[in-house]
Amino acid sequence: MSRITNLLMDTSLMGVGAESRVFTVKGKPGSEFIVIVVEDGTLKYYNFETDLFELGHTSKNNLKVKMSNSSLYRHTINFPSGGGTYVVKLVTEEGTFVKKNKKVISKNIEKQSSTSTLTLKPATINTSNYQTFPTVASTGSVNEGANLSSSFLVNNASTDAGGFGLKINTANFAKFNSDPKYGFEGAILKKVFENLWYVQSTKDIILNINGDGLDSRYVTAANADGISVGMELFYIKATTTPINEAGQAVQPVYITNITEGLGEVIIEFNQDVAFENGETMTLRAYGSTNIYLNTGILMQFKDGCYINAPTLTKTVRADSDGDYTPSTTITLTDTHGISGGNTISYTGFNVDNSSGNHVSVVTPDCPDLTSSGALDNDGAITVQLTQTLSKGTLLTFDGVYNQFTMKFNATIDKHPESNTDILFDLDKIITVGVSGS
């Protein structure tokens with residue numbers, strides 16, 4: 001008795017364009033079988049003479065094979081452009097069987113119906129402190145790679161509520177130079193930079209296995225779509241970061257295992273958290289490895305990232321105290337990008353920096369970008385040391401900026417199956433300024 005031991009074929013998702021796939025049949029010499037390929041849900045069969053899918057079934061749609069001295073048989077199928085699901089079916093002839101005396105082996109393979117877009121962009125939880133973010137995007141099929149090099153210009157919000165500047169945290173920088181005269185220049189190494197990117201998903205909790213609101217490492221969800229081992233639990237609900245029953249912060253919390261159950265999945269974390277039934281978790285996959293595990297996309301950087309921020313300068317709007325007498329209040333033509341809170345220093349003609357002299361409070365007046373940059377002409381800063389400054393004096397602020405540029409060179413090995421955003425976590429390198437009041 002002759003036997004077919006296997007039908008092998010790459011069944012991963014095919015791209016939108018025309019594509020070829022090879023199937024391999026393993027079996028004993030002398031085995032006989034027929035191969036039929038059909039587009040599921042249609043009457044289109046593959047014609048093995050023309051290599052086209054055509055309506056109706058004739059003998060040309062049956063590939064009859066008798067294996068000779070070889071135990072392998074290979075053949076190429078040419079799939080047309082466009083989407084669809086295809087079935088490759090092997091049916092054995094009389095006297096030939098597959099495993100367990102069955103007569104049929106089937107393989108399903110799908111083609112992408114439309115291209116998808118991968119978008120890289122900055123992200124933050126402090127959305128009111130930034131203007132609209134720049135993006136770089138690429139559209140293509142799952143089997144197409146792309147270069148996503150870019151230069152992002154990130155701007156501080158120009159509003160009285162959020163225009164208090166951006167302070168650069170240098171912990172992630174391999175080298176940097178911050179100079180009141182020339183601004184900020186710095187570089188983030190490739191290995192560090194790639195771990196500041198993430199993809200984000202939300203997942204509804206069906207059940208905390210230990211009980212609603214009790215400390216637990218296990219919750220159930222409807223499915224595992226969009227989540228993967230290694231993802232960080234960012235919020236346990238809404239904008240609440242992970243906490244335990246006692247209300248204490250729990251960090252870091254990661255998914256360590258996902259187990260398929262009956263109609264649901266069990267998600268295991270590395271620490272106990274007070275999960276609540278019915279709430280929606282927010283999870284992030286940080287770094288190129290976790291992004292790959294989550295999306296199947298391999299994102300790589302040629303180098304790290306170069307960041308540049310120009311010096312922040314402002315002009316004194318009126319003589320000190322209005323009559324050129326000493327005052328801790330300095331009026332300015334605008335305050336966009338200045339932070340209070342006694343963290344920012346400044347210099348300028350006749351500025352007294354004989355001892356600690358930081359900006360304590362900002363009374364904001366930022367250009368209204370919805371009204372051609374209109375100002376209220378009431379902007380001022382309160383500083384630690386009394387100053388006597390004249391109208392028109394130029395002040396330079398150190399350690400805070402109202403914009404910066406980040407340059408990088410990224411590549412992807414393929415596009416995602418559906419539209420996907422990969423986000424750069426600005427909060428890892430930026431602290432937003434405050435009014436100080």
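This report describes selected features of a predicted model, from its strands and cores to its loops and salt bridges.

## A three-stranded sheet

Three strands form an open sheet in the order 13-34-25, and their pairing is antiparallel. Strand 13, residues 146-147, and strand 25, residues 299-301, are the edge strands, each pairing on one side only. Three bridges hold the antiparallel pairing of strand 25 with strand 34, which covers residues 410-412. Within strand 34, Ala410 is the bridge partner of Phe301. In general, the strands of a sheet pair through hydrogen bonds of the backbone, in a parallel or an antiparallel sense.

Leading into strand 25 is a loop that starts from helix 2 (287-295), and Leu298 lies in this loop. Together with Tyr292 and Leu293, Leu298 makes a nonpolar surface patch of about 280 Å². Leu298 counts as partly exposed because its relative accessibility is 33%.

## The hairpin of strands 22 and 23

Strand 22 (residues 255-260) and strand 23 (residues 265-274) run antiparallel and are joined by five bridges. Ile255 has Phe269, in strand 23, as its bridge partner. Four residues lie between the two strands of this hairpin, and Gly263 has a positive phi there, near 75°.

Before strand 22 comes a loop that begins after strand 21 (232-235), and Pro252 has its place in that loop. The peptide bond between Gln251 and Pro252 is cis, with omega about -10°.

## Nonpolar cores

How many residues does the largest nonpolar core have? The number is 54, and the residues with the most contacts inside this core are Trp197, Phe269 and Phe408. Strand 23 gives the most to this core, contributing four residues. A separate core lies apart from it and has 23 residues, including Met14, Tyr86, Leu90 and Ile105. As a general tendency, nonpolar side chains are buried together in soluble globular proteins.

Phe269 thus has two roles in this description: it is the bridge partner of Ile255, and it is among the residues with the most contacts inside the largest nonpolar core.

## Residues in loops

Two residues other than glycine have a positive phi and are described here. Tyr324 has a phi near 60° and sits in the loop between strand 27 (312-315) and strand 28 (327-331). With a relative accessibility of 40%, Tyr324 is partly exposed. Asn350 has a phi of about 70° and belongs to the loop between strand 29 (345-348) and strand 30 (359-363). Its relative accessible area is 46%, so Asn350 is partly exposed.

Gly399 occupies the loop between strand 32 (394-398) and strand 33 (403-408). Its relative accessible area is 28%, which makes Gly399 partly exposed. Leaving aside residues up to four places away in sequence, Gly399 touches Leu166, Lys167 and Ile344. The C-alpha atom of Gly399 is 7.6 Å from that of Ser345, although 54 residues separate the two along the chain.

## Salt bridges

The whole structure contains eight salt bridges. In general, side chains of opposite charge can pair when their charged atoms come close. One of the salt bridges joins Asp10 to Arg21, with the closest N and O atoms 3.6 Å apart. Asp10 is in the loop between strand 1 (2-9) and strand 2 (19-27), while Arg21 is in strand 2, eleven residues apart from Asp10. Asp10 is partly exposed at 41% relative accessibility, whereas Arg21, at 8%, is buried. Arg21 also meets Glu19 in a salt bridge, at 3.0 Å from N to O. Both Glu19 and Arg21 are buried.

Another salt bridge is formed by Asp425 and Arg284, at 3.5 Å from N to O. This pair links distant parts of the chain, with Asp425 in strand 35 (residues 420-425) and Arg284 in strand 24 (residues 280-286), 141 residues apart. Are Asp425 and Arg284 buried or exposed? Asp425 counts as buried because its relative accessibility is 4%, and Arg284 is buried with a relative accessible area of 5%. Elsewhere, Asp10, Glu19 and Arg21 form one network through salt bridges that share partners.

Notes
Residues numbered from 1 in each chain as written. Predicted model: local features only at pLDDT ≥ 70, side-chain atom pairs only at ≥ 80, totals over all residues. Heavy atoms only, no water. Pairing = 2+ DSSP bridges. Buried < 20%, exposed > 50% of the residue type's maximum accessible area, 1.4 Å probe, protein only. Contact = heavy atoms within 4.5 Å. Core = buried A, V, L, I, M, F, W, Y, C linked by side-chain atoms within 4.5 Å. Patch = residues over 30% accessible without salt bridge, like charges linked within 9 Å, V, L, I, M, F, W, Y side chains within 5 Å. Areas by Shrake-Rupley, 256 points an atom, 1.4 Å probe, with all protein chains shown as cover. Salt bridge = Lys/Arg side-chain N within 4 Å of Asp/Glu carboxyl O.
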